[in-house]
Amino acid sequence: MTTTIPTTADAVPVGAGLSMFDPVFIGIDEFGQPVYLDVVYHNLLAAGEPGGGKSGLINNICGHGVLCDNTRLVLFDAKLVELGPWRDLADAFIGPDIDQGISVLRRLLTVATNRYTWLLANRRRKLGPDDGMSVILTVIDELAMFSTVLGTKQQQEEFSTLLRGLVSLGRACGMPVVAATQRPSWDIIPASLRDLFGYRAAFRCTSLNSSNIILGQGWAEQGYTASDISPTNQGAAYLLAEGGVPRRIKAAYLTDSDIYNIADYAAWTRRPVGTSANAPAANSTEWEMAA
C-alpha cells in the first residue's frame with residue numbers, strides 16, 4: 001500500500017524507524033549471509049593493519065547511529081577525516097586534543113553514573129528502549145593517538161583509565177563504545193581493556209600474536225588468525241561476537257559519497273521542526289549537567 005503525504009517545507013523524509021536497540025547491519029559472512037550486531041548492549045573493538053577495512057566497519061555503525069531516533073554521537077578522531085563526515089551530527093567531536101578528550105570522557109562517566117543511580121532507584125539493571133533516555137554512542141578512531149602519542153604520559157594514562165571506566169559502565173546504561181586502532185599491541189590494547197569489549201573484529205594482521213591480541217590468546221593457534229587474510233581483501237575480518245567462536249566476515253563498504261549522503265540525510269531528518277528556536281534539544285539536559 002502506498003501512502004501519499006503532502007509535500008511542505010517542514011516535511012521530514014519518510015524512512016525506516018531505526019533504533020540503536022535494533023541489530024546493526026555490518027556486512028556479510030563467508031556464506032553470503034547478512035551479519036548484524038547488537039551494538040547497544042556490547043562494546044566493539046576493531047583492530048588491524050592500515051587499510052584493512054576498520055573505517056568501513058566504523059562508518060557502518062555511525063551511519064546506523066545518525067539515522068536512529070533518540071541517539072547521540074560522541075566522536076574521537078585525531079586524524080579528523082575518518083569520522084569527520086559525521087562531525088556536524090555529533091554532540092562532541094574531539095580532534096587531536098587530549099585535554100578535550102579527557103574532559104569529554106569525564107562528562108560521559110558522570111552521565112553513566114547518574115544513569116546507574118536512576119536504574120537502582122527504579123529496581124532495574126539495564127536501560128531499555130522504552131525508558132526514554134537517549135543512546136550515547138562513543139566512537140574512537142585510532143585509539144593509539146590518545147593513549148601513546150598525544151599529550152604527556154600522565155595525560156595518556158588518565159585517558160586510558162577513563163576509557164576503561166566508560167567501557168566497563170556503558171554497556172548496560174545505553175552508552176556503548178566502539179574503538180579502533182591500527183596498532184594491535186599490548187601497550188595499545190592491554191588484556192584488561194580488550195576483555196571489556198564483548199565484540200572484537202580482527203582485520204588483517206602481520207602476525208599470529210597481533211591477531212591474538214585482538215581476539216584473545218589462543219584463537220590464532222586454533223586456525224582463527226587474521227594474518228591469513230589477503231592484503232587485497234580489504235574489509236575482511238575475523239569477528240568474535242555471539243556464539244563465542246570467531247567467524248570470517250566482510251564489512252559493508254561505503255564510499256565517501258555514500259557517507260556524506262547519509263550524513264546530509266540524517267542532518268535533514270534531525271533538524272528542528274515545529275519547535276521554537278530557543279527550545280532545548282531533546283535529552284540535552286542530561287549531557288549539559290555533566291559539563
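Let me start with a single pair of residues, leucine 75 and phenylalanine 93, which stand opposite each other, the phenylalanine belonging to strand 5. I should say at once that what you have in front of you is a predicted model. The strand that pairs with strand 5 here is strand 4, residues 71-77, and the two run in the parallel sense, joined over three bridges.

From that pair we can step back to the whole sheet, which is open and made of 10 strands, in the order 2-1-10-9-8-3-7-6-4-5, with mixed pairing. Its edges are strand 2, residues 34-37, and strand 5, residues 92-94, each of which pairs on one side only. Going from one strand to the next, the twist averages 25 degrees.

Now let me move to strand 8, residues 199-203. What covers its two faces, in terms of residues? On one side there are Tyr199, Ala201 and Phe203, on the other Arg200 and Ala202, and all of these are buried. Because five of the five residues of strand 8 are buried, this strand is largely enclosed by the rest of the structure.

As for the partners of strand 8, strand 3 pairs with it in the parallel sense over four bridges, and there alanine 46 stands opposite alanine 201 of strand 8. Strand 9, residues 236-240, also pairs with strand 8 over four bridges, but in the antiparallel sense, and within strand 9 tyrosine 238 is the bridge partner of alanine 202.

Let me turn to the helices. Helix 1, residues 54-66, lies across strands 1, 3, 4, 6, 7, 8 and 10, and its direction is at about 145 degrees to that of strand 1. Helix 4, residues 153-170, packs on the sheet as well, where it touches strand 4, strand 6 and strand 7, and its direction makes about 135 degrees with that of strand 7.

Finally, how do helix 1 and helix 7 pack, and at what angle? Helix 7 spans residues 256-270, and the two helices meet at about 20 degrees with their axes 9 Å apart. An angle under 35 degrees counts as roughly parallel, and helix 1 and helix 7 are therefore roughly parallel to each other. Their crossing is left-handed. The contact is made by Asn59, Gly63, Gly65 and Val66 on the side of helix 1, and by Ile259, Ile262, Ala266 and Arg270 on the side of helix 7. Sorted by class, this contact has four nonpolar, three polar and one charged residues.

Notes: Residues numbered from 1 in each chain as written. Predicted model: local features only at pLDDT ≥ 70, side-chain atom pairs only at ≥ 80, totals over all residues. Heavy atoms only, no water. Pairing = 2+ DSSP bridges. Axes fitted to C-alpha atoms, helices over the stretch in contact; angles between N-to-C directions. Contact = heavy atoms within 4.5 Å. Buried < 20%, exposed > 50% of the residue type's maximum accessible area, 1.4 Å probe, protein only. Parallel < 35°, antiparallel > 145°, perpendicular 65-115°, else oblique. Left-handed = near helix turned anticlockwise from the far one by under 90°. Nonpolar A, V, L, I, M, F, W, Y, C, P; charged D, E, K, R; others polar.
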